[in-house]
Amino acid sequence: MCRHNVARSSSRLKVKKMNEKIYEIGFAGRIRIDAHSLNNEGTVGNVTEPRTIVLASGEKTDGISGEMLKHIHADALWQLAKDRKASLCSACNNLSPMKADANKKLQGMKVESALNEALTCSICDSHGFLVQDPTVNRKSTVEFGWAIGLPDKFHRDMHVHTRVASGEKSRSKGEESSVSEQMIYNRPTRSGTYAFISVFQPWRIGLNEINYTYAVEDKVRKERYELVLDAYKAMMVRLEGAMTTTRLPHFENVEGLIVKTENAMPVPLMSPISDGYAKEIEAIASPQNVQKFSSFATLMQEIDKLKTAYPYKLGAQ
Ligand SMILES: [Zn+2]
C-alpha cells in the first residue's frame, strides 16, 4: 500500500472513531476493599449490623447494596454537574432525593410535556425519578447490582468501641449522672474482594419514553454522557459510603472489564462472582468492544477512552 493510501485509510479510521456511537456500556470486575463498613443493615441499640446477602448456593456473604452504589454515583454526578454548571432542577440543585417530584413547573402539565421538562435536569435524566402530579416516571440510565463479597474471600469482625469522657474514670462510685458521657458501641469492620456490575445506557440520555423523541439537543446529550462517565471515575477512585469518618476503606486491587455495544444490543454482563466471567463476556462480545483493566489507573484510562464516543441516537442514521 502506498503512503497516500495508508494516510487515507488511517484518516478514515479516525473519522470512524470520532463518530463512534455507544449504545450501552457495562462494567464487570472485582475490587478488594479492606477494613471498611461502607454499607450496613442498621443499628439496633448500640450494635450496627453489616449487610448480608444469601447467594443461590445458600452461602451467606458480605455485600454493599446497589442502592448505596447508585447513591455514591449520584453524589459524584451532582458535584461534577455543579462544577460544570450543568442544568439541574431546583431539587437536584440541592441533591434532594425528591428530584422531579419537587419541580413545581411540572404540576398541571400534560404527561409528555412534563417528561420533557423533567429531562432538562442532568440528574433527573440520568438517575430517573417518580413524579406524582402528573403521574410520570423515568427509569435510571445507570444501574448497579450489589457488590458481593466472594464467598471464600471475605472476613468480618465486630469491634467494641468506647466513647470516653475525660475525668469519667475518676468519678466517685456513688456519683450518678443522668446521661453518661461514656458510651459503648459495637461496629462491624469488613474486608473482602467484591464482585461488582453496572450498566449505563447512553442511548436513553434525554429520551422521552412516551413519544420516543429526544428532549435535549445532541450537544447536551454528549455533555451528559461525559458527565455520567466522569461520575463513574469519581466513585471508583474512592468509594464514599457509610462510616468513612472512622473506617475509610483501604482500596487495593481492582480488575475487570468494560464492555460496550455500538448498535441496539444489550451488553453481555456475566457475574464476576464466577472465575470465568471475563472469558465468557469476551466470547460473546466483539474483541474491539471489550476493554480490560487491572489497576485503578488503567480503569480511569479505559473510561477516558469511552469519552471520545457519542451517545447512540434511536432512529438516527
Ligand atoms: Zn432534577
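# Exercises on a predicted model

**Exercise 1. Does the span of helix α6 agree with its length, and which of its residues are buried or not?** Work out what span α6 should have, then look at its buried residues.

*Solution.* Helix α6 covers residues 218-237, which is 20 residues, and at 1.5 Å a residue it should span 28 Å; the C-alpha atoms at its ends lie 29 Å apart, so the two values agree. Keep in mind that this is a predicted model. Next, look along the helix for buried positions: they are R221, R224, Y225, L227, V228, L229, D230, A231, Y232, M235 and M236.

**Exercise 2. Find how α6 and α8 are oriented to each other.** Use the angle between their axes.

*Solution.* Begin with α8, which takes in residues 296-306; its axis and that of α6 come within 10 Å and cross at roughly 175°. An angle over 145 degrees counts as roughly antiparallel, and therefore α6 and α8 are roughly antiparallel to each other. Now see who makes the contact: α6 supplies L229, Y232, K233, M236 and V237, while α8 supplies F296, L299, M300, I303 and L306. Sorting these residues gives 9 nonpolar, no polar and 1 charged.

**Exercise 3. Place V228 in the largest nonpolar core.** Say which core members touch the most others, and list the contacts of V228.

*Solution.* The largest nonpolar core has 68 residues, and those touching the most other members are L77, A118, C124 and V228. You have already met V228 among the buried residues of α6. Setting aside neighbours within four places in sequence, V228 is in contact with L77, S126, V142 and F200. As a general background, nonpolar side chains tend to be buried together in soluble globular proteins.

**Exercise 4. Describe helix α2 and its surroundings.** Compare its reach with the expected value, then find what its buried residues pack against.

*Solution.* Helix α2 runs over residues 66-83, has 18 residues, and reaches 26 Å from its first C-alpha to its last, close to the 26 Å expected at 1.5 Å a residue. Its buried residues are M68, L69, I72, H73, A74, A76, L77, W78 and A81. These pack against β6 (60-64), α3 (90-93), α5 (122-127), β9 (142-144), β10 (147-163) and α6. Just after α2 comes K85, with a positive phi of about 55°.

**Exercise 5. Track down some unusual backbone angles.** Locate L95, Y212 and P134 in their loops.

*Solution.* Here is the background: most residues other than glycine have a negative phi, and most peptide bonds are trans. L95 has a positive phi near 50° and sits in the loop between α3 and α4 (111-118). With 17 other C-beta atoms within 10 Å, L95 is partly exposed. Y212 also has a positive phi, near 50°, and belongs to the loop between β12 (207-208) and β13 (213-214). Y212 has 9 C-beta neighbours inside 10 Å, so it counts as exposed. Last comes the peptide bond from D133 to P134, which is cis with omega near -5°; P134 lies in the loop between β7 (129-131) and β8 (136-138).

**Exercise 6. Is Q288 buried or exposed?** Count its C-beta neighbours.

*Solution.* First find Q288 in the loop between α7 (277-284) and β15 (290-293). It has 8 C-beta neighbours inside 10 Å, so Q288 counts as exposed. Finally, Q288 and V259 are 29 residues apart in sequence, and their C-alpha atoms are 9.1 Å apart in space.

How values were computed
Residues numbered from 1 in each chain as written. Predicted model: local features only at pLDDT ≥ 70, side-chain atom pairs only at ≥ 80, totals over all residues. Helix = DSSP H or I, 4+ residues; strand = E, 2+ residues; numbered from the N terminus. Expected span 1.5 Å × (residues − 1). Buried ≥ 20, exposed ≤ 12 C-beta atoms within 10 Å, placed from the backbone. Axes fitted to C-alpha atoms, helices over the stretch in contact; angles between N-to-C directions. Parallel < 35°, antiparallel > 145°, perpendicular 65-115°, else oblique. Contact = placed C-beta atoms within 7 Å. Nonpolar A, V, L, I, M, F, W, Y, C, P; charged D, E, K, R; others polar. Core = buried A, V, L, I, M, F, W, Y, C linked by C-beta atoms within 7 Å.
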